[in-house]
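Reader: Hey, got a minute to walk me through this one? I'd like to start with any enclosed space and then move on from there.

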Amino acid sequence: MTREIRITPSILNADFDHLDQEIAKIADVSDLIHLDVMDNIFVPNFTFDFESASSIIKSCSIGIDAHLMVADVDLIAPRYAQFGCASVTIHAEACEDIAKTLRAIRSEGARSGLAIKPNTSIDEYGQFSDLVDMFLIMTVEPGFGGQKFMSEMMEKVRATRKVIGDRPIWLQVDGGISLETIEIAVEAGADTFVAGSAVFKSDDPSQMVIALRALAQSSSQQSPMRQDI
Ligand code: DX5
Ligand code: ZN
């Protein structure tokens, strides 16, 4: 069984002074726009508060995949879902009541995502599988774009693929995804790929998204999901 591949480029490394044009370059070839929301508390960097993020959400021509790296995520996440994000991902390490917050995201009409940092195991979070539409396995320490892909996270991607089984839950990886690393993540079982610097540091962001998708698709055909894993 081959899997559907999704490319969700991150705008963290885009030119913030011309964000509409940057997004327009890739909107037609991308599944969702990955929006990294950082509060300089949960991670050592700041990107958007709710006000500035909501103007991006409002003006974006395709759906937003909000990746919330904020301390008070139980309060914030439902607001992003209510404001129209297609998907809202919370970090297990920041969330007080994971089940309640995932339900709140879904009740506002958004897909719910649960993310874990490199040092966090997936073992205790499989229990939320009925409440998530996507697991996000960080392949860098969250906080900055342009970091090196952590191939040692592939064991956790395989374990998450096992937790998911044949349920329609997306398996996203985020951090250091490029033409050199995307196949490694496909072979481990991922199907949804955030790419930031690989896209916006390239000469032609649209062509890069197309190339990443083609590589992931051909790789997924060569290593279809094995039922016995
Ligand atoms: C990092 C963010 C990522 C980042 C990815 O904390 O969550 O989404 O923007 O950027 P690259 O692809 O450059 O590693
Ligand atoms: Zn992200």
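Author: Sure. Keep in mind that this is a predicted model. The lining of the largest cavity divides into 10 nonpolar, 11 polar and two charged residues.

Reader: OK, and how much space lies in the largest cavity?

Author: About 220 Å³. Of the 23 lining residues, Leu12, Phe144, Gly145, Asp174 and Gly175 are the closest to the centre.

Reader: Which strands supply at least two residues of that lining?

Author: Strand 2 (33-38) does, and so does strand 3 (64-69).

Reader: Switching to the metal. What coordinates the zinc ion (ligand 2)?

Author: Two histidines and two aspartates: His34 through NE2, His67 through ND1, and Asp36 and Asp174 through OD, at 2.1 to 2.2 Å. Along the sequence, the spacing of those donor residues reads H-x1-D-x30-H-x106-D.

Reader: Nice. And why is the arrangement around zinc (ligand 2) called octahedral?

Author: There are six donor atoms around the zinc ion (ligand 2), and the angles they subtend run from 74 to 171°, which makes the arrangement octahedral. For reference, the ideal values for six octahedral donors are 90 or 180 degrees.

Reader: Back to the two aspartates. Where do aspartate 36 and aspartate 174 lie?

Author: Aspartate 36 is in strand 2 and aspartate 174 is in strand 7 (residues 170-174), so the pair ties together parts 138 residues apart in sequence.

Reader: Are aspartate 36 and aspartate 174 buried or exposed?

Author: Both are buried. In strand 7, five of its five residues are buried.

Reader: Which way do the side chains go there, in strand 7?

Author: Trp170, Gln172 and Asp174 point one way, while Leu171 and Val173 point the other way.

Reader: Now the sheet. What's the strand order?

Author: It's an open sheet of eight strands, ordered 1-8-7-6-5-4-3-2, with parallel pairing. Strand 1 (6-7) and strand 2 are the edge strands, each pairing on one side only.

Reader: How many bridges join strand 2 to strand 3?

Author: Six, and the two strands run parallel. Methionine 38 stands opposite methionine 69 of strand 3.

Reader: And how many join strand 6 to strand 7?

Author: Five bridges join strand 6 (residues 134-138) to strand 7, again in parallel. There, methionine 134 stands opposite tryptophan 170 of strand 7.

Reader: Last one: how many cavities of 30 Å³ or more does the count come to?

Author: One.

Notes. Residues numbered from 1 in each chain as written. Chains lettered and ligands numbered in written order. Predicted model: local features only at pLDDT ≥ 70, side-chain atom pairs only at ≥ 80, totals over all residues. Heavy atoms only, no water. 1 Å grid on protein atoms, 1.4 Å probe; cavity = no way out; pocket = protein on both sides within 12 Å on 5 of 7 lines; lining within 4 Å. Points joined across faces, edges and corners; volume = space filled by probe spheres on them. Helix = DSSP H or I, 4+ residues; strand = E, 2+ residues; numbered from the N terminus. Nonpolar A, V, L, I, M, F, W, Y, C, P; charged D, E, K, R; others polar. Donors = N, O, S within 2.8 Å, 3.2 Å for Na, K, Ca; no water. Tetrahedral: all angles 85-135°; square planar, octahedral: opposite > 155°, others 65-115°. Buried < 20%, exposed > 50% of the residue type's maximum accessible area, 1.4 Å probe, protein only. Pairing = 2+ DSSP bridges.
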